[in-house]
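Please find below my notes on the model, set out as numbered points for discussion.

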Amino acid sequence: MRFDTEEFLAFTQKERDAFSRHFETVNEVILFDTLKWSKSGAVWFNYRDASQTNEEAKQTWFQHAAEARKVIEKSGRPVKVLASFFQPGKDTVESLENHMEPLIEALTAFLRRRSSTALNSTGIPQGQKGMGAVQQFLVNLKQRLMQDGRILAVALADWGVHLSPEAVRAIDQLSYMAYDINDINGYHASFGRAAVRAVEYAEKCGFRREQINLGLPYYGRPTYKGEYWPLWKDAQVGYWQNYAPQITFDGIEMDAYYNCPGMVADKTAFALQMGLGGVMIFPLNADRPHGNPLCLTDAIRRTIEERVE
């Protein structure tokens, strides 16, 4: 699952204790939108706050990660924590072409300190030149990670899944962001488009089913495809109700489409039936509390318990 670390750190202790119950189901966490690499190939900790030096921001990041881990480990279950690295945006191609080896060394050094699994989250630049640089980066990074017994996980949107055979083989886990995809009715992440067809497409691109973690959105989108993301925890709908007409979000009236608990349960059952690696939640902060009848993570847990011995 992925969750926004900044929002999580603003929780009260009571909210953190309640939030920790989700990790009775979740077994892998991606600390989302926390790190980038710089144009020169260094780990970039202070891209959010230029008032700090990179070293100061680095120490802050380690403190925040430690706080997150305390809550994650409350369940007593083994939960893997992954660091999420984003590209530096428009400078990605230049950074990879001119500083690929220093970048790989910086990333692997970071992982050795944290005893973490690498995740290159999103950030495949469009265009043949950009794709080629990123694909070579994935191959080279995987070779270095193998030396330390670590894996490479990559989160990709629908349009970024088509990679070279070499890059596909380098990836251990594809966190398939099968959301922000609308079907012909304007429905966001519908079962047919964002589960059945998504997995079919990933397989055509060379991914094996066991590599794929199917993304489940914990938010809705307007049926007119606007740039709004109303959260599930605020949705006024029922267990089997994805469609929410005439809601108001950020002062805008819209018809929104969510993935309700029934849909999330169906997609989880689909992932089990198809032999996928798992499902990916985005973002966990948007869910209702554990024990709430409309909690999406509880719907995942119940489906697994019903179908896995």
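The points that follow concern a predicted model, and they take up a loop aspartate, a loop tyrosine, the nonpolar core and a helix.

1. D183 lies in the loop that runs between β7 (173-177) and α7 (191-204). Although D183 is buried, it has no salt bridge, and the nearest side chain of opposite charge, that of K225, is 7.6 Å away.

2. What does the side chain of D183 reach at 2.9 Å? The partner is the backbone nitrogen of Y187, while a further polar contact, of 3.2 Å, links the side chain of D183 with that of S190. When residues up to four places away in sequence are not counted, D183 touches S190 and R193.

3. Y187 also belongs to the loop between β7 and α7, and with a relative accessible area of 29% it is partly exposed. Its contacts, leaving aside neighbours within four places in sequence, are with I181, N182, T223, Y243 and Y257. The C-alpha atom of Y187 is separated by 27 Å from that of H290, which is 103 residues apart from Y187 along the chain.

4. The largest nonpolar core has 91 residues, and those with the most contacts inside it are W61, F110, F137, L138, L163 and F207. L163, with residues up to four places away in sequence not counted, touches a set of residues including M131, L138, L156, C205 and F207. In soluble globular proteins, nonpolar side chains tend to be buried together.

5. In helix α2, which spans residues 13-20, R16, F19 and S20 are buried. These residues lie on the same side of α2, because they cover an arc of only 100° around the axis.

How values were computed:
Residues numbered from 1 in each chain as written. Predicted model: local features only at pLDDT ≥ 70, side-chain atom pairs only at ≥ 80, totals over all residues. Heavy atoms only, no water. Helix = DSSP H or I, 4+ residues; strand = E, 2+ residues; numbered from the N terminus. Buried < 20%, exposed > 50% of the residue type's maximum accessible area, 1.4 Å probe, protein only. Lys, Arg positive; Asp, Glu negative; His and termini not counted. Salt bridge = Lys/Arg side-chain N within 4 Å of Asp/Glu carboxyl O. Polar contact = N/O pair within 3.5 Å; in protein donor to acceptor, adjacent residues only side chain to side chain. Contact = heavy atoms within 4.5 Å. Core = buried A, V, L, I, M, F, W, Y, C linked by side-chain atoms within 4.5 Å. Arc of directions from axis to C-beta.
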